[in-house]
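I opened this model to look up its fold, its sheet and a few single residues. My notes follow the order in which I looked.

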Amino acid sequence: MKSKKHLSKLSMDKSILFDKMDEYKVHDIRWKEGRAFSLVFYGGEELSDITKTAYNKFFTENALNPSAFPSLKNFENEVVSMVSNHLKGGDDVVGNMTSGGTESILMAVKTAREWAKKNKPDVKIPEMIMPISAHPAFNKACHYFGIKLVPAKLDSNYRVDLEDIKTKINANTILLVGSAPNYPYGVIDPIKNLSELAIENNLLLHVDGCVGGFVLPFLEKLGKSVPKFCFDLEGVTSLSVDLHKYAYAAKGASVILYKNKELRRHQFFVTTDWPGGLYGSPTVLGTRPGGAIAAAWAILNFLGEEGYLKLIGEIEETTKEFIKRIKEIDDIKLVVEPAMSVLSIKSDTIDIFEVNDVLQQRGWHLDGQQSPDSIHFTITHAHGAIIDEFFKDLQDAVEIARKLNTKLSGIKSGFQKTLLKSMPSKMVSKIIDKESQKVGTEDERTGKMAPMYGMMASIKNNEDKEMMVLNALDNLFSAKKNFKVGESL
Ligand SMILES: *Cc1c(COP(=O)(O)O)cnc(C)c1O
C-alpha cells in the first residue's frame, strides 16, 4: 500500500524549506566537481552566474505571446539568427527556439509529415529512415506522429551504412536522418552523401546537431578538419542544435532551423475556432519560459566567438588528453575515434561494466551502452581539472575488473540501474529464475548488481524488455511509503 504525500496544512518556514531542499540533494551526482560525464554541462561559476542573472530577469515572462513581450521575441530571433549564421545558413534559413533537443527533433519530424501531405499526397504511411545510432527522440517522434521508423545499419566505422539506406528508400519515404555527431560514439554520419540521396529522391534531410552543432564549426575554425554537415549542403532541409549543451545556456534551450520559410510553415499549429480567440503556436509548448530564451541570448553574447573558441579549444585539449590516456591503459579502447568530445570505451578482454561499477562506487557518473558494451563520456569544461584523479580511478577499476573478469555482458547506466532498483522484487527474482540457467554461475550471481545486468541483457524478447521498463517507470514516478529525505531511488 502506498501512502501519498499531502499538501501540508501549515506553511513551512523559509529557512526550513531551503534546508530541506539541500537535504534532498545529498545523493545527487557531484557535477560541479567534474564527476558527471553526462546530463550536466557546467562551464564554471562565472558562466553559471550570467545565465542565472539573465534567467531571473525574465523569470516570469511568457513567450507564448511574443507580441506581449517584444523583448523575448527579439531575443529569440537574434538567437536563431546567430545560430543560423554559425551553421552556414543563408538569408532564407529560419527557425525557432524550443525547450530542448527532443522538442526540436519532434518539430522536424512533424514538419516532414505535414510537408509530405502536401508534396507527396500518395503516401499513406510515411516512412523515416534513420541510423540505429540516432537519438531516441526520433523514435519518440515516430511514436507520437504515426510515422513508420525504418532503422538503417551502421558501417564498420559506426557511421550510417549508405548502401543499406539506398535499399530502404521507397515511395513512402519522406525523411532521412543523420547525426553530427551521434551521441553513442561521437562520429559524424556521411551527411554529404545523405544530402545527395535526399536530393535525388525528393526527400527531406534532418541533421541532428544537438550535441555537435555548437562545437564542430568552432573546431573547424581552430584548424581541425570537419566534414560538411550544415546548410552549405544543398540537401540539408532542417538542423537541430541544443544551446543547453555545449553553448552553456540554461536548460530548456535548443534551436530548430529550416532551409526556408515555406518548409517551416508546416511546423506551426493554428486553430481559429476556439472561444478564447485565434490561437497560433510555433512549437510544441504553449507557455514558454522567458528565462530560458533570455539566458541563451545572454550567454551567446557574453561569450561570443572569442569566448567559445577558447572554451571549445580547451575542451578539445582535455579530450585529446583523455584519448591519449585511454590508449595507454591495457584492456580498454575507444569504440571508434570520435569527431569531438563525445566518446565511448569498450573492452575485448574484461567486463567494461565492472569497470563502470568501480567508477560509480568512487563517485563518478558514466552511462553504460549496448552494441557494443561500452561506457560513455561527454567531456566538458568541468573535466579539465580532474584528469589525474579520474585516470587513477580508471586504472584501478580496470585492474579490479581484470581480477574479477566475470565476462558477463549487459546493459548498465545510472538510469537503468535506477530502473532495476525500482522494479518490484518479485519481478527481479522472476527474471533471475528465468535467466539464471542461461547466463552465469551461482557465484557470479551473488553480491553485486553487475551480473544482474547480464541477465537483463540476455532477455532477447523486446516486448519483455519493454514491459520491464514500463513497470519500472510506474514505480519510479510513484510516491513511496516512508520516503526518507535524501534517500536515493
Ligand atoms: C542530447 C541529444 C538529443 C536530445 O536532446 P534533449 O535536449 O535531451 O532533449 C538529441 N540528439 C543528440 C545527438 C543529443 O546529444
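The entries below go from the whole chain to the sheet, and then to single residues.

**Entry 1: whole chain.** I noted at the outset that this is a predicted model. I looked up the secondary structure and found 16 helices and 13 strands in the chain. I then checked burial: 51% of the 489 residues count as buried. For the surface, I read off an exposed area of about 24,400 Å², with carbon and sulfur atoms supplying 54% of it. I also looked at contacts between residues at least 6 apart in sequence, and 73% of these join residues at least 24 apart.

**Entry 2: the sheet.** In what order do the strands of the open sheet run? I traced 7 strands in the order 1-7-6-5-4-2-3, with mixed pairing. Strand 1 (94–98) and strand 3 (148–152) are the edge strands; each has a single partner strand, so one side of each has no neighbour in the sheet. From one strand to the next, I noted an average twist of 20°.

**Entry 3: helix 3 on the sheet.** I looked up what helix 3 (residues 70–86) touches when it packs on the sheet, and found strand 1, strand 6 (238–242) and strand 7 (254–258). The direction of helix 3 makes about 115° with that of strand 1.

**Entry 4: strand 4 and its partners.** I went through the pairings of strand 4 (residues 173–179), beginning with strand 2 (residues 127–131): the two are parallel and share 3 bridges. Met 128 is placed opposite Leu 175 of strand 4. With strand 5, strand 4 again runs parallel, and here I counted 5 bridges. Val 177 has His 206 in strand 5 as its bridge partner. I also looked at helix 7 (residues 191–200), which lies across strand 4 and strand 5 (204–208) and runs at about 170° to strand 4.

Why is strand 4 largely enclosed by the rest of the structure? I checked its residues, and 7 of the 7 are buried, so the strand is largely enclosed.

**Entry 5: Glu 127.** Is Glu 127 buried or exposed? I found a relative accessible area of 6%, which is under the 20% cut-off, so Glu 127 counts as buried. Glu 127 belongs to strand 2. Leaving out residues up to four places away in sequence, I listed its contacts as Ile 147, Lys 148, Val 150, Asn 170, Asn 172, Thr 173, Ile 174 and Leu 175.

**Entry 6: Trp 364.** I placed Trp 364 in the loop between helix 11 (352–361) and strand 12 (367–369). Its relative accessibility is 1%, and it counts as buried. Residues up to four places away in sequence aside, Trp 364 touches Gly 34, Arg 35, Phe 37, Leu 359, Ile 386, Glu 389, Phe 390 and Asp 393. I looked further at Phe 37: Trp 364 and Phe 37 are 327 residues apart in sequence, yet 7.8 Å apart in space, C-alpha to C-alpha.

**Entry 7: a nonpolar patch.** Which residues make the nonpolar surface patch of about 470 Å²? I listed Met 12, Ile 16, Leu 17, Phe 18 and Met 21. Met 12 sits in the segment before helix 1 (14–24). I found a relative accessible area of 42% for Met 12, which makes it partly exposed.

Technical notes:
Residues numbered from 1 in each chain as written. Predicted model: local features only at pLDDT ≥ 70, side-chain atom pairs only at ≥ 80, totals over all residues. Heavy atoms only, no water. Pairing = 2+ DSSP bridges. Helix = DSSP H or I, 4+ residues; strand = E, 2+ residues; numbered from the N terminus. Axes fitted to C-alpha atoms, helices over the stretch in contact; angles between N-to-C directions. Contact = heavy atoms within 4.5 Å. Patch = residues over 30% accessible without salt bridge, like charges linked within 9 Å, V, L, I, M, F, W, Y side chains within 5 Å. Areas by Shrake-Rupley, 256 points an atom, 1.4 Å probe, with all protein chains shown as cover. Salt bridge = Lys/Arg side-chain N within 4 Å of Asp/Glu carboxyl O. Buried < 20%, exposed > 50% of the residue type's maximum accessible area, 1.4 Å probe, protein only.
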